[in-house]
Amino acid sequence: MIKVALINDTRNHSHYGCSLVMDNLEQLLQKNGFHVEWSWPVHKDWRLHKAELLALPKVDVVMVNGEGTINNSHRKKYAQALTEFAEFSYEHISPFCYLINSTLFNNSECSYQQLRAYRAIFVRDKASLGELKVHGCNGRWVPDLTFYGEGNSSDHVGSGVTVTDNTLRPMAKRLKRYALKKGYQYITMSLAHPRNKPLWKRPRTFIKNTWIWWFRDRHRSSKPEAYIAQLKQSRFVITGRFH
């Protein structure tokens with residue numbers, strides 16, 4: 001059994017697609033003789049917790065979930081953390097370190113040089129593959145893992161049109177206005193919840209999430225399967241997301 005560590009584990013996140021990706025990835029690993037020994041949570045900067053990271057059990061392979069995080073590395077610390085991780089893994093954890101399920105956009109030249117330390121890079125869209133090539137990096141395109149799995153395929157064709165949101169607020173608002181104008185169903189892929197952002201860290205965001213959760217999202221299931229079931233009821237889906 002090959003022992004694997006997963007970096008940037010997005011489960012228990014307020015985003016349906018994030019949980020699905022990790023669950024599907026672990027399912028695929030188990031089918032192919034791999035065992036997930038441990039995982040490192042998203043938004044926990046490994047550079048600030050090196051001692052904790054090095055105290056974890058030894059593994060043979062490290063897989064870093066890009067999950068749309070690697071963009072604008074000149075100003076985003078989590079993008080920087082993921083580009084820097086391969087070299088750290090090579091020296092201290094395992095030389096077999098892979099970047100998977102990633103999107104890449106508008107990163108610094110230094111970041112692309114650091115990405116070369118990964119043994120292989122797998123991106124989930126053709127634009128990211130082109131971004132790698134422009135900067136002299138090798139990569140392979142593999143479709144997004146969000147809807148992988150037997151339970152997510154269906155011959156059933158629903159009715160009507162559903163519009164989903166976007167990570168950028170202005171675009172999300174445009175999509176919502178478009179749905180209302182056309183009479184389409186509009187559903188967000190992310191769930192608002194008080195625990196998403198602590199009160200002490202971002203008071204305004206905490207209050208906003210609490211308000212939205214109480215009047216809208218507390219009645220929605222947090223299980224990704226429930227979201228997929230909603231999408232299956234539609235004949236056509238317009239989305240502002242990769243998932």
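The legends below describe close-up views of a predicted model. Residues are numbered from 1 along each chain as its sequence is written, and side-chain values use heavy atoms, with hydrogens and water left out. Because the model is predicted, local features need pLDDT of at least 70 and side-chain atom pairs count only at pLDDT 80 or more, while totals for chains, interfaces and linings use all residues.

**View 1. Strand 3 and its partner strands.** Helices (H or I, at least four residues) and strands (E, at least two) are DSSP runs, numbered from the N terminus, and two strands pair if DSSP finds at least two bridges between them. Strand 3 pairs with strand 1 in the parallel sense over four bridges, and valine 4 has valine 61 as its bridge partner in strand 3. Strand 3 and strand 5 also pair in the parallel sense over four bridges, with valine 62 standing opposite cysteine 97 in strand 5. Five of the five residues of strand 3 are buried, a word that means under 20% relative accessible area, whereas exposed means over 50% and partly exposed lies in between (1.4 Å probe, protein chains only). Val61, Met63 and Asn65 point one way from the strand, and Val62 and Val64 point the other way.

**View 2. Isoleucine 100 in strand 5.** Isoleucine 100 is buried, with a relative accessible area of 11%. Leaving aside neighbours within four places in sequence, isoleucine 100 is in contact (heavy atoms within 4.5 Å) with residues including Leu25, Met63, Val64 and Phe122.

**View 3. Helix 3, residues 77–92.** The expected span of a helix is 1.5 Å times one less than its number of residues; for the 16 residues of helix 3 this gives 22 Å, which agrees with the 21 Å between its end C-alpha atoms. Helix 3 bends by about 35° at phenylalanine 85, where the bend is the angle between axes fitted to the seven residues ending there and the seven starting there. Phe85 is also one of the buried residues of helix 3, and what covers these buried residues includes strand 1, strand 3 and helix 4.

**View 4. An open sheet of three strands.** The strands have the order 10-9-11, with parallel pairing. Strand 10 (185–187) and strand 11 (236–238) stand at the edges, each with a single partner strand, so one side of each is left without a neighbour in the sheet. Three bridges join strand 9 (residues 161–164) to strand 10, and valine 163 has tyrosine 186 as its bridge partner in strand 10.
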